[in-house]
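Here are some short exercises to work through with the model open beside you. Try each task before you read its solution.

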Amino acid sequence: MERRQFLVGAAALASVGLGTEAAQAQTSDSRARVVIAGAGAAGLALASRLRRSMPNATITIIDAKKEHHFQPGFTLVGAGIWSPAQVTEQNVDYIPRGVEWVEAAVAEFDPDANGVVTTTGQRIDYDFLLVATGLNLNYEAIEGMDVSLIGRDGIASIYAGPEQANASATAIDRFIEAGGVGLFGRPAGEMKCAGAPLKITFITDDKARSRGRRGAVELVYNAHNPAVFSVAPVNDKVTEMFAGRDIAVNYSHVLKAIDPGAKQATYATESGDITLDYDFIHVVPPMRAPNAVLASPLPWQDGALAADGWIEADKATLRHPRYPNVFAVGDIAGVPRGKTAASVKWQVPVVVDNLVAETAGRSPQAVYNGYTSCPMVTGIGKAMLIEFDYDGNLIPSFPFIDPLKELWVSWLIEEKGLLGAYRAMLRGRA
Amino acid sequence: MSDFDLTTIYFILSESMGGWLWGFVALALLLLAAIVAGIMTLRKNDTPARRPLVAALVAGLVTTIIFTFLVPIWTLAGAGALAAPIDVLFAVLFALVPGGVVGSAVFVIMAFASNRRVAAIA
Ligand SMILES: Cc1cc2nc3c(=O)[nH]c(=O)nc-3n(C[C@H](O)[C@H](O)[C@H](O)COP(=O)(O)OP(=O)(O)OC[C@H]3O[C@@H](n4cnc5c(N)ncnc54)[C@H](O)[C@@H]3O)c2cc1C
């Protein structure tokens with residue numbers, strides 16, 4: 001920390017000496033060493049913005065993964081209208097020039113000594129650490145469930161990756177053709193894009209209707225608590241739509257085991273375990289922090305976000321309260337809501353602006369309001385553009401789009417707009 | 001979306017369309033140049049612009065109407081996906097692109113055709 005304080009002080013003196021407050025507004029001359037753990041949506045967006053606004057800093061990004069997935073597109077792959085290739089890119093195409101990419105994972109976070117150790121044994125010291133490792137999908141927490149089962153025996157899951165989303169599309173089509181009972185739902189804990197389990201339910205309903213097979217399928221949504229969505233007006237709307245579309249809802253049902261051979265799913269409920277027969281099931285796994293984060297001192301030590309290892313962070317600045325030179329951005333951040341790529345788009349400028357301000361000797365001012373967005377696809381060709389903040393207020397970006405109305409224009413944004421906006425975000429331009 | 005400014009829109013379009021963006025810009029410039037050349041030709045031949053203008057408007061309008069119903073298909077939705085006035089408005093805005101191209105092309109063709117008519121009369 002001493003080096004960091006020195007750097008901050010030196011930059012502050014430099015800015016006073018130059019006397020160019022306006023020129024310093026967007027950039028910092030700091031020579032700080034910034035390490036970014038994770039080259040996903042948040043990591044790449046951070047790297048791109050930081051490269052431009054801290055030209056003298058040494059920026060290192062650490063991630064073993066070479067492929068980059070546009071995860072919001074997994075829903076459209078699962079719907080059978082996009083191919084896996086449309087959501088698969090290469091990280092190398094988005095790593096900004098002048099940023100060093102260490103192709104390994106972080107094995108150990110050592111915030112007390114301001115360093116990380118990679119899986120290849122390399123120790124990298126930092127002045128600032130930005131943790132953007134995303135989260136782990138914990139399929140194994142569901143007894144009997146395994147990623148390799150996706151696409152077989154009526155089991156689907158659009159979360160695991162593009163190929164699995166594609167296999168899920170085939171499983172949905174087979175189910176609609178054969179008929180029977182289809183189960184949907186979500187895990188109890190924090191999860192990325194909490195709208196996706198609802199979207200895939202709507203999509204299955206819509207596809208069955210358009211093929212004249214709705215009478216042959218029974219659709220059941222198992223909500224993890226007494227609501228289908230955590231934002232009240234959205235919950236009311238989706239509940240009403242489910243009722244109108246003959247989609248049954250079981251409340252407070254959390255999937256805990258699956259028997260693929262017998263096609264039975266066991267749910268933990270308030271009145272004990274219940275086993276339901278199915279012909280098709282869309283599994284959304286519990287989610288938690290990656291192991292290296294879990295094993296570190298970074299997660300919350302108590303409270304609701306502690307068990308799954310979400311990193312302790314101030315919800316307005318994403319700064320770690322115990323390690324002030326550490327920030328958590330994206331899915332890994334232990335803040336209420338905010339686990340969407342759209343949230344990343346708003347979190348990244350806040351963290352970068354504050355880091356730039358701090359290293360330039362100014363006081364950090366930027367604040368993240370919890371912006372979370374989820375274009376709720378309600379069928380092929382229609383969606384509701386739902387955006388909300390920490391308090392569950394709907395905060396529509398476009399005043400002419402009603403967030404609680406099924407519109408083609410919202411679908412247009414989902415199908416034609418999001419990928420370009422996402423790529424622009426990765427380049428730090430949106 | 002408070003920072004949804006022109007620069008951001010440019011980068012989003014550029015990332016969405018890749019090289020096509022510049023293809024469209026080139027086409028727009030080409031059409032603009034052709035329209036200017038067409039107007040100058042009409043002036044030179046002392047021919048009224050009414051006929052080519054009306055033809056361009058009719059062709060552009062018909063194309064826009066047809067494409068308004070095709071735009072949802074381009075988004076992998078059914079032709080009947082337009083559910084609200086705002087949907088129709090956006091579909092029309094997109095359909096104006098081919099509508100504008102066809103309208104401009106018709107104007108230019110008719111304007112240059114006046115050359116031939118003038119030559120034939122002479
Ligand atoms: C099915 C589905 C639908 C979705 N729909 C939407 C939507 O409609 N709208 C929306 O905005 N968002 C949506 N999302 C969510 C969105 O994709 C994520 O919130 C976003 O990708 C989070 O970005 P991130 O950088 O935090 O994590 P990621 O993009 O997942 O990236 C994390 C990176 O960290 C790396 N990593 C992991 N562990 C380590 C380690 N130990 N060391 C170094 N690197 C590590 C990983 O390899 C990965 O590259 C959806 C997601 C899914 C799965």
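## Exercise 1: Placing the ligand

Domain 1 (2-64 + 103-135 + 289-359) and domain 2 (139-286) of chain A both contribute residues to the shell around the ligand, so the ligand lies between them. Keep in mind that this is a predicted model.

**Task.** Find which residues come nearest to the ligand, and which helices and strands supply at least two residues of its shell.

**Solution.** Start with the neighbours: there are 32 residues around the ligand, and A:A42, A:D63, A:V106, A:D331 and A:A342 come nearest. Next, turn to the secondary structure. Four elements of chain A each supply at least two shell residues: α3 (41-53), α4 (74-78), α9 (341-359) and β23 (372-379). The largest share, three residues, comes from α9(A). Finally, sort the shell by class: 17 residues are nonpolar, nine are polar and six are charged.

## Exercise 2: Backbone contacts and burial

**Task.** Work out which ligand atoms lie opposite polar backbone atoms of A:A41 and A:I62, and at what distances.

**Solution.** Begin at A:A41, where a polar backbone atom is 3.1 Å from an oxygen atom of the ligand. Move on to A:A42: one of its backbone N or O atoms lies 2.8 Å from a ligand oxygen. At A:I62, the ligand atom is a nitrogen, 3.5 Å from a polar backbone atom. As a last step, look at the surface: the ligand taken alone exposes 990 Å², and the protein buries 92% of that.

## Exercise 3: Two hairpins in a row

**Task.** Trace how β16(A) pairs with β15(A) and with β17(A).

**Solution.** First take β15 (residues 254-259) and β16 (residues 264-269) of chain A, which pair in the antiparallel sense over five bridges. To check the register, find A:A257, which stands opposite A:T266 in β16(A). These two strands form a hairpin with four residues between them, and A:K263 in the turn has a positive phi of about 55 degrees.

Then follow the chain to β17 (residues 272-277), which runs antiparallel to β16(A) and is joined to it by six bridges. Here A:Q264 has A:D277 as its bridge partner. This hairpin has two residues between its strands.

## Exercise 4: A salt bridge between helices

**Task.** Identify the salt-bridge partner of A:D173 and the distance between the closest N and O atoms.

**Solution.** The structure holds 15 salt bridges over all chains. In one of them, A:D173 pairs with A:K207, with the closest N and O atoms 3.1 Å apart. Now place both ends: A:D173 sits in helix α5 (residues 162-178) and A:K207 in helix α6 (residues 196-210) of chain A, so the pair links distant parts of the chain, 34 residues apart.

Definitions and conventions: Residues are numbered from 1 along each chain as its sequence is written. Chains are lettered from A and ligands numbered from 1 in the order in which they are written. This is a predicted model: local features need pLDDT of at least 70, side-chain atom pairs count only at pLDDT 80 or more; totals for chains, interfaces and linings use all residues. Side-chain values use heavy atoms; hydrogens and water are left out. A residue is near a molecule or strand if one of its heavy atoms lies within 4 Å of it. A polar contact is a pair of N or O atoms within 3.5 Å; within protein, one must be able to donate a hydrogen and the other to accept it, and residues adjacent in sequence count only if both atoms are side-chain atoms. Accessible areas come from the Shrake-Rupley method with a 1.4 Å probe; for residues, only the protein chains shown count as cover. Ala, Val, Leu, Ile, Met, Phe, Trp, Tyr, Cys and Pro count as nonpolar, Asp, Glu, Lys and Arg as charged, and the others, Gly among them, as polar. Domain bounds come from an automatic or database domain assignment. Two strands pair if DSSP finds at least two bridges between them. A salt bridge is a side-chain nitrogen of Lys or Arg within 4 Å of a carboxyl oxygen of Asp or Glu.
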